[in-house]
Each structure stands twice: as C-alpha cells, then as structure tokens.
Amino acid sequence: MKSFDAASAATTALHPQRVQRRTVAVLSAAQLLSGVGGGASLSVGSLLAVQLSGSNAWAGSVTTTMTLAAALAALPLAGLAGRRGRRSALVTGLLSAMTGAVLVILATVTGLFPLLLLGAAMLGLGTAANLQARFAAVDLAEPEHRGRSLAIVVWAVTVGAVAGPNLIQPGALVGQALGLPPISGPFVFSTAGLALAAVLLFIGLRPDPLLLAARLRAEGENTGENTGEEPGQEPAKGTAGTRGRNALRRGLRAVRSSPRARLALLAVVAAHGVMAAVMSMTPLHLQLLTEGPLAGHAAGHTHAAGTDVFILIGFTISLHIAGMYALSPVMGWLTDRVGRLPVIMGGHGVILLAVCVAGFGQAQPVLVTTGLVLLGLGWSAATIAGSTLLAESVAAGDRVLVQGVSDTLMGVAGAVGSGFAGLVMSGVGYQGLNLVAAVVAAGVLGVVLQSVVRSGRSPEPAAG
C-alpha cells in the first residue's frame, strides 16, 4: 500500500500537462533530426535503385521496401510501446534506421543491390517510429487539443525532411571527402541525424507519456474521477501487449466496431497510398523529362543524372515534403476548430486536384512540382484529421493497437502504391499513373460524403 501511495503521489506531482508540453517539444526535436534520413531516401532512392540494379523497372523498389518494412514493423513497435512505453519503441526504430543508412552507404560502395534493399528495409523501421511519434503526442493531450498536439509533431519533421533532398550536392562533397561515391553522401547526414534523434528521445522522453497516461487512467478509475475519454467510451483493459496475428485481428475488430474509426482508417490509408505512388515515380519522371523526350522511358533508356537534374529533383521533393509538413499546425487547428470529417474531405479534394495538375501538366516541370506540393498538402490534411479521429474513436485500452494497425495498413498501402507505380508508369506513363490516383481520391471522397448523408446531418466539429 505504501508503495502504491508513493507512486500515486509521484504521478500527481508530475503535472500531466507540463509533461505533455515537454513530450511534444522532445518529439518535435527528434522528428526534425530524423527527418533528414527520410528526405535523403525519397530524393535519391529511386536513382540508386536504377543505378545498382541496371533497370528502370526497379525504380520504385527502395520506396516499396521502406514502406513495406514500416508496415511490418508498426505492430511490433506498437506492442513494444504497450509493454515498455513509447521511449523504447521510438529509440529502437531510430537506431534500426541509423543502421539502415550505414548499409545504404555500404551498398553504394560495393554496388550490391540486395544490400541497398536491406538498408532500405532498416530505414523503414525509422519511418514506423516517426509515424508512431505523432500518436505519442496525443497520449496525454486534452481532447480539444489533440489535433494541435499531433500536428506540431508532424510539422517538426519539416526542416529535416525538406533539407534531406537538398543535401544531394553537399552530400556529394562530403562523400568525396570521405572517399565514398558522391550519391551516398546524403546518407552520411542521415546517419548522424538518426543517431542524435535516438539519443534525444532516450534522454528526454521521461516520464514516458504512454505509461504515464495509463497510470493516470488507472488512478482515475480507482478514485472515480473523469479519465478524459470521449463521451460514451468506457476505458478498456490494455491490449497493447497482444502479439502477432492476434494483435492485428484485435486491432481490426476495434476499428470495425466504430464507424468513425473505419472512416478515419480509410482516409489515412488511401491518402498515404496515393502519395507514395505518385511521389516515388516523380524523380524518375523528371530525370527522363529533362534529359530527353518521354519516349526514352518507353525505350527503357537510362542516363546518369547531371547536376541540373539533381537540383530539380531535390527542389521538387523538398517542396513536396514542405507541403506534407509545413502547414501541419494549420491542419491541426482546422481539425480542432472545423471538425475532423470536413478536413478529411478537404484533404482528399486537394489530393484529387494535385494528381490532375501533375498528370495533365506532366510535360512541364513547374506543373509537376505544383502538383507535388498540392499532393503534400492534401496528405497533411487527410492524415492529421484522420489520425486524430482514429485516436479518439476507440476505447483507450485499444488505442495503441489500433494505431499500430493504422500504421501497418498505411505502410502496406505505400508499399503497394510505390511498387505498382513503376509497372503502371511503364504501361500508361506518368499521366496514367496520376489518373489512377485520381480515381482512388475521388472514391474516398464519395465514401465520406455518403457517410455524412446517411448520418442525416452535417459533419460535426470536434469537441472544443
């Protein structure tokens, strides 16, 4: 009894909202550092894959491998978070990604394509950790501030992720100075950024937000106090420690039990799949576009990218990533003030506009870049509003598992999208790829609108 009283007193002394502010700050700083790794992979991954494999058909393999690995890692990392806290899960993911960045560098030195894919898979664990970080931001958040807290952490990746693609040229100089192939240079920066992010989380994420939230809920139940759950929700027993297929089944069952959770999951998964498909093929499209007619793609020609092409690709992907993250606080504010469903619909509407601009403007780099920026903005709106809606639409005890299911399915959608994107582009071109993406975005819009109409009322603003 004495130890329980001491733990309770210690919990009370922690001031949850003060811990929440510090948690968001630490997560944001870590996202900034780790974002460099993702930015480097997006900008040169497809070029490395073509260079080491010798075929354009493998252009999407790095992105596919990363997203598939992120999907496979999402539930194990969620289970680890449920058992040992967010800190253990996030640090494990980032250290794995750091190892992956080193393997990518070794792949460029040795010319081994399988080693490149192994490094990409390890980098995918960092992607899974970064996705989980957005949910860690809402473990202790008050209901009316969930969208804002989640968005701040998503936004924090902007600086690192936008810097990543623009490190191609500086990275080449660093690579040459270290005796490495120039194209591997950005991954030197990735290795350092991921290492610093892991150290920051290991030191700064104390107390652990997920463990503290669970302790506060338990104390609230013991004292009969309000635990901060949504009206009508009963705190469920913890399920985060469930493993393997049982975890996936239990998480999906929790999603199926809530129509709003199903809608939220559809929104984030579809947005991620479309974004990954179009984004992963854009560097190759720009390379082919700037070095010759698009007919060269059909003939299977591939050329060594020049400095101007690297700059164009880096600039385009940087602006795309800025679209994904730079306005995240605005998307979070809209999610809290206007409502979850309106922002989801707006996001997929912007995605639809984006792929039309990029597809019909495929011959103009300016229009392709504009489309990629709009694609990032639409992804941001749909992901932030959808993730917020998902987190609050299931019982507290199921939340970590459902978040893991969401990240798993997002990863699967990204892997399928980027994997098939190369085949689709080979068959019907970049414009055809964007038209396929438009069909998906329009379909999601239709489902959300149908759900609103069936409910017999307009989308409700979020609480607060």
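Here a visitor and a guide chat about a predicted model of one protein chain.

Visitor: Let's start broad. How many helices and strands are in the chain?
Guide: This is a predicted model, so keep that in mind as we go. Count up the strands in the chain and you get zero. The helices are another story, and their number is 17.

Visitor: What share of the residues counts as buried?
Guide: The chain has 464 residues to sort through. A residue goes in the buried group when its relative accessible area is under 20%. The share that makes the cut is 56%.

Visitor: Okay, pick a residue for me. Is Ser406 buried or exposed?
Guide: You'll find Ser406 in helix α17, which covers residues 399-455. Its relative accessibility is 1%, and the cut-off for buried is under 20%. So Ser406 counts as buried.

Visitor: Which residues does Ser406 touch, not counting those up to four places away in sequence?
Guide: Start from helix α17, where Ser406 is found. Now skip the residues up to four places away in sequence. What Ser406 touches then is Arg134, Leu265, Val268, Val269 and Leu390.

Visitor: What about Leu284, is that one buried or exposed?
Guide: Leu284 is found in helix α11, residues 259-291. Its relative accessible area is 5%, and under 20% is what we call buried. That makes Leu284 buried, because its value is 5%.

Visitor: How far apart in space are Leu284 and Ala59, C-alpha to C-alpha?
Guide: Along the sequence, Leu284 and Ala59 are 225 residues apart. Still, Ala59 is in contact with Leu284, and so are Ser46 and Asn56. From C-alpha to C-alpha, the gap between Leu284 and Ala59 is 7.4 Å.

Visitor: Let's talk about holes. How many cavities of 30 Å³ or more does a search of the whole structure find?
Guide: The search covers the whole structure and keeps cavities of 30 Å³ or more. The second largest cavity holds about 60 Å³ of space. The total found is four.

Visitor: Which element gives the most to the lining of the second largest cavity?
Guide: The lining includes Leu27, Leu90 and Ala129. Elements giving two or more residues to this lining are α2 (16-53), α4 (86-110) and α5 (113-136). With four residues, the one that gives the most is α2.

Visitor: And how many residues of that lining are charged?
Guide: Among the lining residues of the second largest cavity are Gln31, Ser34 and Asn130. Sorted by type, the lining has seven nonpolar residues and three polar ones. As for charged residues, there are no charged ones.

Definitions and conventions
Residues numbered from 1 in each chain as written. Predicted model: local features only at pLDDT ≥ 70, side-chain atom pairs only at ≥ 80, totals over all residues. Heavy atoms only, no water. Buried < 20%, exposed > 50% of the residue type's maximum accessible area, 1.4 Å probe, protein only. Contact = heavy atoms within 4.5 Å. 1 Å grid on protein atoms, 1.4 Å probe; cavity = no way out; pocket = protein on both sides within 12 Å on 5 of 7 lines; lining within 4 Å. Points joined across faces, edges and corners; volume = space filled by probe spheres on them. Nonpolar A, V, L, I, M, F, W, Y, C, P; charged D, E, K, R; others polar.
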